[in-house]
Amino acid sequence: MSTTQAPALREGITRLLNQVHGMAPMRTAVVHPCDALSLAGALDARDAGVIAPVLVAPKAKLEHLAQASALDLSGCEIVDAPHSHAAAAAAAQLAGKGEVQALMKGSLHTDEYLAAVLAPEVGLRTERRLSHCYVMQTPSYPRPFLITDAAINIAPTLVDKADIIRNAIALAQVLGVALPKVAILAAVETVNPRMPATLDAAALCKMADRGQITGGVLDGPLAFDNAVSPEAAQVKGITSPVAGQADVLVVPDLESGNMLAKQLEYLGGAESAGIVMGARVPLVLTSRSDSRTTRLASCAIARLLASP
C-alpha cells in the first residue's frame, strides 16, 4: 500500500465502521471460505463486530486451513457442506429461510455463488435485476463513489441499466448521499446514433425526467473526464449538476467497468468494496484476490443495507 493510499483507506474504513458501530453483528453465511484470504476476511469482520459468521464449507478442510493459517474459528458456526456447489446452495437456503441476514462470497466462482442465489425455489429474487456496485475511494477524488455494473451484467440492455441505476441510488442513499449525482458514461458527451451507449444514456435521463427512475440526479452521456473533473467539464462547456462531481459512475458494459475499477485500484491507489444489490438480502461479492480490508469494508456496507 502506498503512503498516499493509506490515509484515504483508513478514513474510509473508519467511517464505515463508525456507521455500523452499536449495531448487532449480522448473521452472515460465508460461502466456501476455503483459502486463507477469504477466511481471514470473514474473521476480521467478526472481530470488528460487524458479522456473526456462519461458515458453510467442508468442515474438515476448514479446520485444517484455520490451523495451518493460525486463524481462530472459536464462536463460528460451521455448516458442513461437501463442496463449493453444495455450500452455495445451503447458504442461499439459509438466507431464503431468514436464518441469516446476508451472504458473503468465499473462494468460489461468482457464477456458482449467484446461481444459488437466483434459484427460484430459494426465494431471494425480487422484481429488480441483480447488479454489482464497487464502492471506491481514491486519494485523487474528494469523495467515495460507486462504479456499476462491473461484475454481473455483461452487456446490459436499456431496461437492465435502469435497474442498475435504481440499485446504485439505493446503495448511495444508505451510505449517506441523500440525492446521488449519477453520471452515465460513454466515450463522448454528445449523443451519437452510431454509439449505442450514448443513446441509452439519453433515454435513461429522459426516464428520470418522467419519474421512471427516482431518488437521484442523472446526466449523460458524459465521458469519464467530464464526470469526475470540474475543469474538464468547464473546458468542454458542459453545464450540468452532475459533471465533475459524480457520486455514481454507470458504465456501458461489464468489460469497460471492470477495467476502469481495476485501473483505479492498481494504478490509481483506490480502495474498493463490493456488494450486489437487487436480492432480498445483501450479497458481499469481492474478487478472490481482494484484500482483507476490502472484505471488511464490504461486510460493513452489507450491515448498513441489512439494517431496518
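**Close-up views of helix crossings and a β-α-β unit**

**View 1. Helix 2 passes helix 11 in a right-handed crossing.** In this predicted model, the axes of helix 2 (residues 36-47) and helix 11 (residues 292-306) come within 8 Å and cross at roughly 45°. Angles between 35 and 65 degrees are neither roughly parallel nor roughly perpendicular, and helix 2 and helix 11 are therefore oblique to each other. On the side of helix 2 the contact is formed by Leu37, Ser38, Ala40, Gly41, Asp44 and Ala45, while helix 11 contributes Arg292, Arg295, Leu296 and Cys299. Sorted by character, the residues of this contact comprise five nonpolar, two polar and three charged.

**View 2. Strand 2 and strand 3 run parallel and are connected through helix 3.** Four bridges join strand 2 (residues 51-57) to strand 3 (residues 77-80), and within this pairing valine 54 stands opposite glutamate 77 of strand 3. Between the two strands the chain passes through helix 3 (residues 59-68), giving a β-α-β crossover that is right-handed.

**View 3. Helix 4 and helix 5 meet in a right-handed crossing.** The axes of helix 4 (residues 84-96) and helix 5 (residues 110-118) come within 8 Å of each other, and the angle at which they cross is roughly 35°. Ser84, His85, Ala88, Ala89 and Ala92 of helix 4 make the contact with Glu112, Tyr113, Ala116 and Val117 of helix 5. The residues of this contact divide into six nonpolar, two polar and one charged.

Key. Residues numbered from 1 in each chain as written. Predicted model: local features only at pLDDT ≥ 70, side-chain atom pairs only at ≥ 80, totals over all residues. Heavy atoms only, no water. Axes fitted to C-alpha atoms, helices over the stretch in contact; angles between N-to-C directions. Parallel < 35°, antiparallel > 145°, perpendicular 65-115°, else oblique. Left-handed = near helix turned anticlockwise from the far one by under 90°. Contact = heavy atoms within 4.5 Å. Nonpolar A, V, L, I, M, F, W, Y, C, P; charged D, E, K, R; others polar. Pairing = 2+ DSSP bridges. Right-handed = clockwise from strand over helix to strand, strands pointing away.
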